[in-house]
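User: I've got this chain open on my screen and would like to talk it through. Can you walk me through the model?

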Amino acid sequence: MARLTTLAATIGVTAALALSLTSCTEDAPAAERPTGPNVVTVAAMAYSPASVTISPGDTVTWFFDDTGVAHNVIGIDAASRLLHSPMISSGQFSQTFDDPGTYPYFCSVHPNMTGTVIVRET
Ligand SMILES: [Cu+2]
């Protein structure tokens, strides 16, 4: 009897999953998260991952997806010369890093949102 109940539950979950997959709405397509290894998602009041390590010449892309809350990417100290994105609630911002070093940044309206780009030595 217990086995039957488990089986029924499994079928129920599978059916629910199939239903949710087919009921995706087609209107107002959400922006697709860019693919690639150096993408930082800006959501839930945080940068994720908060730290990315890249090689010189690599580009980091921030994908803004925080349900309408606008954020930016502003470099701290020396990094401020390189990192200054617009304040946006959707879309993306990319920056190429040519020089090895550590580039800390934050969101100027939510200073507890912080992240770091580390450009390794060649
Ligand atoms: Cu913010």
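User: What is the mean pLDDT of the protein chain, and what share of its residues reach 70 or more?
Analyst: pLDDT is the predictor's confidence in each residue, from 0 to 100. This is a predicted model, so local features need pLDDT of at least 70 and side-chain atom pairs count only at pLDDT 80 or more, while totals for chains, interfaces and linings use all residues. Residues are numbered from 1 along each chain as its sequence is written. The mean for the protein chain is 84, and the share at 70 or more is 75%.

User: Over which residues does pLDDT stay under 50?
Analyst: Where pLDDT is low, the predicted coordinates should not be read in detail. A contact here means two C-beta atoms, placed from the backbone, within 7 Å. The stretch you're after has 0 contacts beyond four places in sequence, and it covers residues 1-26.

User: In what order do the secondary structure elements run from the N terminus on?
Analyst: Helices (H or I, at least four residues) and strands (E, at least two) are DSSP runs, numbered from the N terminus. The protein chain has 1 helix and 8 strands. The order is α-β-β-β-β-β-β-β-β.

User: Which strands are at the edges of the open sheet?
Analyst: Strands count as paired if DSSP finds at least two bridges between them. The open sheet holds 4 strands in the order 3-8-7-5, with mixed pairing. The ones that pair on one side only are strand 3 (51-54) and strand 5 (74-75).

User: Which residue stands opposite tyrosine 105?
Analyst: Strand 7 and strand 8 are antiparallel, with 7 bridges between them. Opposite tyrosine 105, in strand 8, you'll find glycine 115.

User: What about strand 4: how many bridges join it to strand 6?
Analyst: Strand 4 runs parallel to strand 1, with 4 bridges, and valine 39 has threonine 61 as its bridge partner there. Towards strand 6, aspartate 65 is partnered with serine 90. That pairing is antiparallel, and its bridges number 8.

User: Which strand gives the largest share of the largest nonpolar core?
Analyst: A nonpolar core is a set of buried Ala, Val, Leu, Ile, Met, Phe, Trp, Tyr and Cys residues joined through C-beta atoms within 7 Å. Buried means 20 or more other C-beta atoms within 10 Å of the residue's own, exposed means 12 or fewer, and partly exposed is in between, with C-beta atoms placed from the backbone. This core has 16 residues, and Trp62, Tyr103 and Tyr105 touch the most other members. The largest share, 4 residues, comes from strand 7.

User: Leaving aside neighbours within four places in sequence, which residues is tryptophan 62 in contact with?
Analyst: Trp62 is one of the core residues that touch the most other members. Its partners are Val40, Val42, Val73, Ser85, Gln92 and Phe93.

User: Which residue is joined to serine 48 by a cis peptide bond?
Analyst: Most residues other than glycine have a negative phi, and most peptide bonds are trans. Here omega is about 0°. The partner sits in the loop between strand 2 (46-48) and strand 3, and it is proline 49.

User: Is threonine 67 buried or exposed?
Analyst: Threonine 67 lies in the loop between strand 4 and strand 5, and has a positive phi of about 45° though it isn't a glycine. Because it has 8 C-beta neighbours inside 10 Å, threonine 67 counts as exposed.
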